[in-house]
Amino acid sequence: MDSAHRAIPDQALRPLVDRLLLEQGRLDPFELLLAAELLGYEDYVAWRTSHRSELQGALRAAPEAVAGFLEEAGAYARGQKLVAVALEHTAWGDREQRPLCIGPHAGLTRAFALAYAPPPERCQLDLFQDSTALLLEDEVRAALVEHRTDRARDQVARLMHREPRHPRLGGFLRLIQTLDDADASARDGRVEERWRELEEIGPLAGQLLGHRVRDFLGTLWAALAERLAGRPFTPGAGEVHASIAWTRAGRWERAREAIEAEPDWLDQPVLVLVHAESCWRARDPFGARRDWLWLCREYPSAAERVLRDPAFPDRRLADLWEAFGDLELDEELATEDFPAWLLLQDPGAFAVLPPSETSSDDRDTAYRLLHGLVTGDDTVDRRRALGEIHPHLLRQFLVSRRCR
């Protein structure tokens, strides 16, 4: 089985490695698999926090394929004059730094044992004072992102002793205070205050921790999401809801669950949008499309904003939305008709939004009739009924039939 290579074509491997080297300065096997979507962040965090006994079962490809993928990336990194750095995998937040298990596949374990980084500059490291401060900074960062508060405090004390005027000391101390505040805010029930604190600390954490700010803040947002469980969504009360906190933590399945626990979540465009993003990130494109098309029918202005966003993730749907806008049929087709129009472009891909069987709205009825026509129930009576309600959709349907 070569599913890893099917997921990332050979010609795409090198640009992916180059991007990670540019962004992070090194090639880490976990970061590579996360970027290649061969490992979900939720599964990775569950393993790092000892909620999974091994990582192998969470991979989205066969162990031998992932091992080969990592080995090929390592070979390319060595060709770029990077050197191998041994890795140890320990549980986050564990004072004893308990070792973690990759899984029974020996080749996979070997592949995860190495990262690749530029060789050290000897002229810099010969300056003992500077090199020691740099090493202490790295120790502080590692302790912070792994939520080892005591170790972070110890390393900051050493850095303070060596360089009392170090420019990042104040920032590191503030991040440590953010970790300490987790217990205090939990005891006091100050969820809104904690929410603001995490939002405010984000830019500083990003500046000090780089790409690993995701790990530092993700665990804190997840803890806050747990405390918000069961708190109903209140329109106009800001984003203080468990689902939003789960998205900040990168836990898309949990965000989806929190939204679906709301009895009337489909009546809240904010929640529908978050649900759609959660579906997409959790590799459920049909669920995401169902949400976006629901917005087209029920909340067209919200749908228009998201479909026009350059960052909209579903390129196929975005291209079709652009084509829909180019039709210049404003008087005959509106955003609410976009889901019906999609049925004519690609029924197999876009018949994911089921018709309402109870609504008497003309557009819902037209969608229901067209949905039946394109999915096999093509009768004269159904065509006649669609023509009476929405003649333009009927004409589009007949044209599509002739084209086929």
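Before we look at any loop, I should say what counts as a helix here: helices are DSSP runs of H or I with at least four residues, strands are DSSP runs of E with at least two, and both are numbered from the N terminus. With that in hand, Arg283 can be placed in the loop between helix 15 (269–281) and helix 16.

Please keep in mind that this is a predicted model, in which local features need pLDDT of at least 70 and side-chain atom pairs count only at pLDDT 80 or more, while totals for chains, interfaces and linings use all residues. Residues are numbered from 1 along each chain as its sequence is written, and side-chain values use heavy atoms, with hydrogens and water left out.

Let me begin with the whole chain, which has 23 helices and 2 strands, and whose C-alpha trace spans about 85 × 50 × 40 Å along its principal axes. Of its 404 residues, 48% count as buried, where buried means under 20% relative accessible area, exposed means over 50%, and partly exposed lies in between, with a 1.4 Å probe and protein chains only.

To return to Arg283, this residue has a positive phi of about 65 degrees although it is not a glycine, and it is partly exposed, at 45% relative accessible area. Glu37 also has a positive phi, near 60 degrees; Glu37 sits in the loop between helix 3 (29–35) and helix 4 (41–48) and is partly exposed at 47%. As background, most residues other than glycine have a negative phi.

From the loops I move to helix 12, residues 213–227, whose 15 residues reach 22 Å from the first C-alpha to the last, close to the 21 Å expected at 1.5 Å a residue; that expected span is 1.5 Å times one less than the number of residues. Among the buried residues of helix 12 are Asp215, Phe216, Leu217 and Trp221. Asp215 also belongs to a network of salt bridges that links it with Glu31, Arg212 and Arg214.

A salt bridge here is a side-chain nitrogen of Lys or Arg within 4 Å of a carboxyl oxygen of Asp or Glu, and by this rule the count comes to 29. In one of them, the side chains of Arg141 and Glu137 meet at 2.9 Å, N to O. These two residues are 4 apart in helix 8 (residues 128–145), and so they are separated by about one helical turn. Arg141 is partly exposed at 21% relative accessibility, whereas Glu137 is buried at 3%.

What about a pair that links distant parts of the chain? Arg153 and Asp180 form a salt bridge at 2.7 Å, N to O, with Arg153 in helix 9 (residues 149–162) and Asp180 in helix 10 (residues 169–188), 27 residues apart. Arg153 is partly exposed at 34%, and Asp180 is partly exposed at 30%.

Within helix 14 (residues 252–260), Glu257 and Arg254 are 3 residues apart, about one helical turn, and their side chains meet in a salt bridge of 3.6 Å, N to O. Glu257 is partly exposed at 46%, and Arg254 is partly exposed at 32%.

I will finish at helix 16 (residues 285–298), where Glu298 is found, partly exposed with a relative accessible area of 34%.
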